[in-house]
Amino acid sequence: MATSSNQNTEASMKKVVYHQFGERDVLQVTSAEIPEPQQGEVLIRVHGAGLNPIDWKTRSGLGFVAQQIEEALPWTPGYDVAGEVVATGQGVNTLAPGDRVMGLIGFPLNGGGYSEYAIATADELAVVPEELDLVTAGALPLAALTAWQALFEVASLEEGQKILVHAGAGGVGHFAVQFALARGAHVIATASAGNRDFLSELGVHEVIDYTTTDFADECFGLDVVLDLVGGETGKRSLRTLGEGGMLVTIPTVTADEVVSAAEEQGLRAHGITVRPDIFHLDEIAELVEDGEVRVQVEQVFTLDQAKQAHERLETGHVQGKLVLDCRGEA
């Protein structure tokens, strides 16, 4: 027997689906029954659903997830959610209806975030700090966890070290520079001129305009490079590493070639696949609560505007994150 609040009174919900891979016009808003949480699961009334590059790449039929879900279409995208617990399934004793939660849900094969209601497992969800509204909180999980795990699990970034973050104003980047600063590192970031002031406000020590300046001529002896661009940028970044330095490359499509180039030069480079981790999310939430980290949302769209949101997402030049406000008319 699920434990419910009286909020779950609607008979149906709206969600975004696609029945085939393709351009943005395959995204459709449809009605569906509100699901019931099963053993260990939680039903969330979604306020904010974050958008991430993997969303449009999978929709286009690109990458590992697309290969895996091809026979499971129609599919609802979205891994980042924040909202309010509506009901809990059996065995859930850490959360209750009314709790404000966020998480990286259904990753990587189930998704489901672009919806008025979503199912998550209890161990995917962390409590949202009161300082953060739930639509904004939807921008946090995937990008913040990627940055956190890359910096502190893979690169073991320490106080006083020097780090270069490529695309420092983007979704993962703007979290990474703030986490590195909170750890006491010296932070350099590449960005366009239009993002210089934003990064300076966050406290970044040096901002390199990649459109006018070659970062490889400016940086040397680095302890860590967080490569959020991949390809040739990742390979050229190897020149900036100091003795014992490490490059962490995020784009999976070029990770192997960047890592191979590092091995050929006797240098260290690693790829990373993010994973849900509520202990990491709790630590990140504390930094938000303490005012050391802010979540930058460039634009908020409604569920009905999912196509427009993907159009903006595909530019690859978003400052911070894009979010769907999934609350509808309620």
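Exposed means over 50% relative accessible area, buried means under 20%, and partly exposed lies in between. Keep those cut-offs at hand for the exercises below, which all concern a predicted model.

**Exercise 1. Classify D217 and R239 by accessibility, and say how their side chains meet.**

Step 1. D217 has 56% relative accessibility, so it counts as exposed.
Step 2. R239 comes out at 52%, so it counts as exposed.
Step 3. The two side chains meet in a salt bridge, with 3.7 Å from N to O.
Step 4. Now place the partners: D217 sits in helix α7 (residues 215–218), while R239 belongs to the loop between α8 (231–237) and β13, and the pair links distant parts of the chain, 22 residues apart.

A general reminder fits here: side chains of opposite charge can pair when their charged atoms come close.

**Exercise 2. Work out which parts of the chain are tied together by the salt bridges D304–K14 and D80–K321.**

Step 1. A search of the whole structure finds 14 salt bridges.
Step 2. In one of them, the side chains of D304 and K14 meet at 3.2 Å, N to O.
Step 3. D304 is in the loop between β15 (297–302) and α11 (306–313), and K14 is in strand β2 (residues 12–17), so this pair ties together parts that are 290 residues apart in sequence.
Step 4. K14 has a relative accessible area of 27%, which makes K14 partly exposed.
Step 5. Turn to D80 and K321, whose side chains form a salt bridge at 3.3 Å, N to O.
Step 6. D80 lies in strand β5 and K321 in strand β16 (residues 321–325), so the parts tied together are 241 residues apart in sequence.
Step 7. Both D80 and K321 are buried.

To finish, look for a network: salt bridges link R24, R59 and E314.

**Exercise 3. Describe the surroundings of strand β5, and find the bridge partner of R45.**

Step 1. Strand β5 covers residues 80–88, and nine of its nine residues are buried.
Step 2. Strand β4 (residues 41–51) runs antiparallel to β5, and eight bridges join them.
Step 3. R45 has its place in β4, and its bridge partner in β5 is E84.
Step 4. With 15% relative accessibility, R45 counts as buried. Its side chain reaches the backbone oxygen of R327 at 3.5 Å.
Step 5. Strand β6 (residues 100–104) pairs with β5 in the antiparallel sense over five bridges. In this pairing, D80 stands opposite L104 in β6.

**Exercise 4. Lay out the open sheet of six strands, explain what is special about its edges, and say which helices lie across it.**

Step 1. The strand order is β11-β10-β9-β12-β13-β14, with parallel pairing.
Step 2. β11 (206–209) and β14 (268–271) stand at the edges, each with a single partner strand, so one side of each has no neighbour in the sheet.
Step 3. From one strand to the next, the twist averages 15°.
Step 4. Zoom in on one pairing: β9 (residues 162–165) and β12 (residues 222–227) are parallel, with three bridges between them. I163 stands opposite V224 in β12.
Step 5. Add helix α4 (residues 141–154), which lies across β9, β12, β13 (241–249) and β14 and runs at about 150° to β13.
Step 6. Add helix α9 (residues 252–264), which lies across β12, β13 and β14 and runs at about 165° to β14.

**Exercise 5. Check the length of helix α5 against 1.5 Å a residue, then decide whether α5 is mostly covered or mostly exposed.**

Step 1. Helix α5 (residues 171–183) has 13 residues and should span 18 Å; its end C-alpha atoms are 19 Å apart, which agrees.
Step 2. α5 is mostly covered, with 10 of its 13 residues buried.
Step 3. Among the buried residues are H174, F175, V177 and F179.
Step 4. Just after α5, G184 takes a positive phi of about 95°.

**Exercise 6. Locate D214 and identify its contact with the backbone of A216.**

Step 1. D214 is in the loop between β11 and α7.
Step 2. At 27% relative accessibility, D214 counts as partly exposed.
Step 3. A polar atom of the D214 side chain lies 2.9 Å from the backbone nitrogen of A216.
Step 4. For a wider view, D214 and L164 are 50 residues apart in sequence and 13 Å apart in space, C-alpha to C-alpha.

Notes. Residues are numbered from 1 along each chain as its sequence is written. This is a predicted model: local features need pLDDT of at least 70, side-chain atom pairs count only at pLDDT 80 or more; totals for chains, interfaces and linings use all residues. Side-chain values use heavy atoms; hydrogens and water are left out. Two strands pair if DSSP finds at least two bridges between them. Helices (H or I, at least four residues) and strands (E, at least two) are DSSP runs, numbered from the N terminus. Axes are lines fitted to C-alpha atoms, for helices over the stretch in contact, and angles run from 0 to 180 degrees between N-to-C directions. Contact means heavy atoms within 4.5 Å. The expected span of a helix is 1.5 Å times one less than its number of residues. Buried means under 20% relative accessible area, exposed over 50%, partly exposed in between (1.4 Å probe, protein chains only). A polar contact is a pair of N or O atoms within 3.5 Å; within protein, one must be able to donate a hydrogen and the other to accept it, and residues adjacent in sequence count only if both atoms are side-chain atoms. A salt bridge is a side-chain nitrogen of Lys or Arg within 4 Å of a carboxyl oxygen of Asp or Glu.
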